[in-house]
Amino acid sequence: MDMEDTIAAISTAMGESSIGIVRVSGPDALDIADRIFYSEKKPQKWVPFRMHYGFIQDPSDGTIIDEVLLCVMISPKSYTREDMVEIHTHGGYVSMRKVLQLVLEEGARLAEPGEFTKRAFMNGRIALSQAEAVIDIIRAKTDVSLNLAVRQLKGRLSDTIHQILDSLMNLAAFLEVSIDYPEDDLEIAESERIEDQIIEAKRILDDLIESSKSGRILREGLKTVIIGKPNVGKSSLLNALIKENKAIVTAIPGTTRDIVEETIDLNGIPLQILDTAGIRDTDDIVEQIGVERAVAHAQDADLILLVLDDADGITETDMRIMELLQGKNTVVLINKTDLSQNRIDVGSTALIAKDFKRIIRISVKEGTGLDILEKEIREMVFSGDLRSDESFMITNLRHVQLLKQASLNLAESLKAIHEKIPMDMISIDIRNAMQNLGEIDGTKVSEDLLDTIFSKFCVGK
């Protein structure tokens, strides 16, 4: 990436819309705007952070391309900390493309994916973890996941990492002194203080790692598979949860033969719900494939909703399904409790409870028990109520891996202290932890890693 280039791209989704934005950033951004922008009241000098009304005109022949609003942002007070221009065109594909083409002809080059945000990072406006939060904001599925991404963009994670790095840096400097001047006997006098500082830093890292269990779900969604034998109410449950008739519901066994998938926002938790074919022995080849897919999806699900029929009792098929789900994160739903004939009694429930701790009696038809299910799912994800005004969770897998490695480095340093290993070995562990933490906020990061991270962005962001 050449930081001396002026880059340009369309920053809004392609297609018909009321407005489209062509973004330009770099040393020639203002000169390009001056050459292609025409207005009867064209400013002699660009006024930053003000919309200028006019037209985009091809300077070679005077052809008017579009009526626009043009906004100028002067370095360093811009997204990239470079001179920037945003051209607000009409949202048609042709008009945006022609304006972009004209900008490129006037000296800019097409931006690489994520290059605007990459320049914001390279120019020191944001840390790498904040840059990664931008894509999390774009892909947020719920209000909660959006709020978490915004907190990261505002620097919550970066600030925490910097605090730990500052502490470890001071500690490393102190250890270097003890290594250089062993006659001062600093090892004995300060070993307890050193250990306390390492323990506190590791505690913070471990708390962040623990938060990632819920954070991943909020970012990617909770893969939830509805499973059970035919006609227990699986498709009806899906329809009730998404509040629309997405799945076909009939009294004929085997109606659902393939996976029916939908994503919903369950009180801030993105639920990726999969309704599956009823589990049973069948000679129908298509239904057999559906059953195989149901079993396969259950194996890698975050959550399984096992639906039983209260009017049937626990059948042999139910028992086989429960054997398949041993060790899985499962909520057992006893459906059709509105019917007068209830065969899953206290004794049967006790039998189920030997393997599955979460059992809820529901009636999808009457809508009873679904609120309890929603509460149960929330408790599972958050281990209690999420305080959205205070909580911060790690949602990025790259960050989790680096935090775990840094925590391991600190654990090794504590082990070295207890075994009275020389201070220079302890110092190596601490500096390794600093290296891993530095890769989170970008203070120590390779160009290849940056290219990998920003390649996930769209062009224009």
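# A walk through two sheets and two cores

Let's start with a pair of strands: β2 (residues 20-25) and β6 (residues 84-89) run antiparallel and are joined by 6 bridges. Strands pair here if DSSP finds at least two bridges between them. Helices (H or I, at least four residues) and strands (E, at least two) are DSSP runs, numbered from the N terminus. Within this pair, Ile21 stands opposite His88 in β6. Before going on, note that this is a predicted model, where local features need pLDDT of at least 70 and side-chain atom pairs count only at pLDDT 80 or more, while totals for chains, interfaces and linings use all residues. Residues are numbered from 1 along each chain as its sequence is written, and side-chain values use heavy atoms, with hydrogens and water left out.

Now for the sheet around that pair. It is open, has 7 strands in the order β3-β4-β5-β6-β2-β1-β7, and its pairing is mixed. At the edges sit β3 (37-38) and β7 (109-110), each of which pairs on one side only. Helix α1 (residues 29-36) packs on this sheet and touches β2, β3, β4 (51-57), β5 (64-73) and β6. Contact means heavy atoms within 4.5 Å. The direction of α1 makes about 35° with that of β6; axes are lines fitted to C-alpha atoms, for helices over the stretch in contact, and angles run from 0 to 180 degrees between N-to-C directions. Helix α2 (residues 93-105) also packs on the sheet, touching β1 (7-10), β2, β4, β5, β6 and β7, and its direction makes about 175° with that of β1.

Some side chains in this part of the chain deserve a look. Phe37 and Trp46 are both buried, meaning under 20% relative accessible area (exposed is over 50%, partly exposed in between; 1.4 Å probe, protein chains only). Their rings form a tilted aromatic pair, 5.7 Å centre to centre with 55° between the planes. The rule is that rings of Phe, Tyr and Trp (its six-membered ring) pair if their centres lie within 6.5 Å, with planes under 30 degrees apart counted as stacked, over 60 as edge-to-face and the rest as tilted. Arg23, meanwhile, has its charged end over the ring of Tyr79, 5.1 Å from the centre. Arg23 also lies over the face of Phe116, at 5.2 Å from the ring centre. For this, NZ of Lys or CZ of Arg must be within 6 Å of the ring centre and within 35 degrees of the ring normal.

Phe116 takes us to helix α3 (residues 115-122), where 7 of the 8 residues are buried, so the helix is largely enclosed by the rest of the structure. Its buried residues include Glu115, Lys118 and Arg119 alongside Phe116 and Phe121. After α3 comes Gly124, with a positive phi near 85°.

On to the other sheet. This one is open too, with 6 strands in the order β9-β10-β8-β11-β12-β13 and mixed pairing. Its edge strands are β9 (260-266) and β13 (358-361), each pairing on one side only. From one strand to the next, the twist averages 25°. Helix α11 (residues 346-353) packs on this sheet, touching β11, β12 and β13, and its direction makes about 150° with that of β13.

Follow β12 for a moment. Strand β11 (residues 303-309) pairs with β12 (residues 330-335) in the parallel sense over 6 bridges. Leu308 stands opposite Ile334, and Leu305 has Val331 as its bridge partner. As 6 of the 6 residues of β12 are buried, the strand is largely enclosed by the rest of the structure. Thr330, Val332 and Ile334 point one way, and Val331, Leu333 and Asn335 the other.

Finally, the cores. A nonpolar core is a set of buried Ala, Val, Leu, Ile, Met, Phe, Trp, Tyr and Cys residues joined through side-chain atoms within 4.5 Å. The largest has 32 residues, of which Leu168, Ile194, Ile198, Leu403, Ile430 and Leu437 touch the most other members. Two or more residues come from each of α6 (156-180), α7 (186-220), α13 (397-418) and α14 (423-441), and α6 gives the most, with 9. Leaving aside neighbours within four places in sequence, Leu437 is in contact with Ile161, Ile164, Leu165, Leu168, Leu205, Leu403 and Ala406. Apart from this core lies another, of 30 residues, among them Ile273, Leu303, Val307 and Val381.
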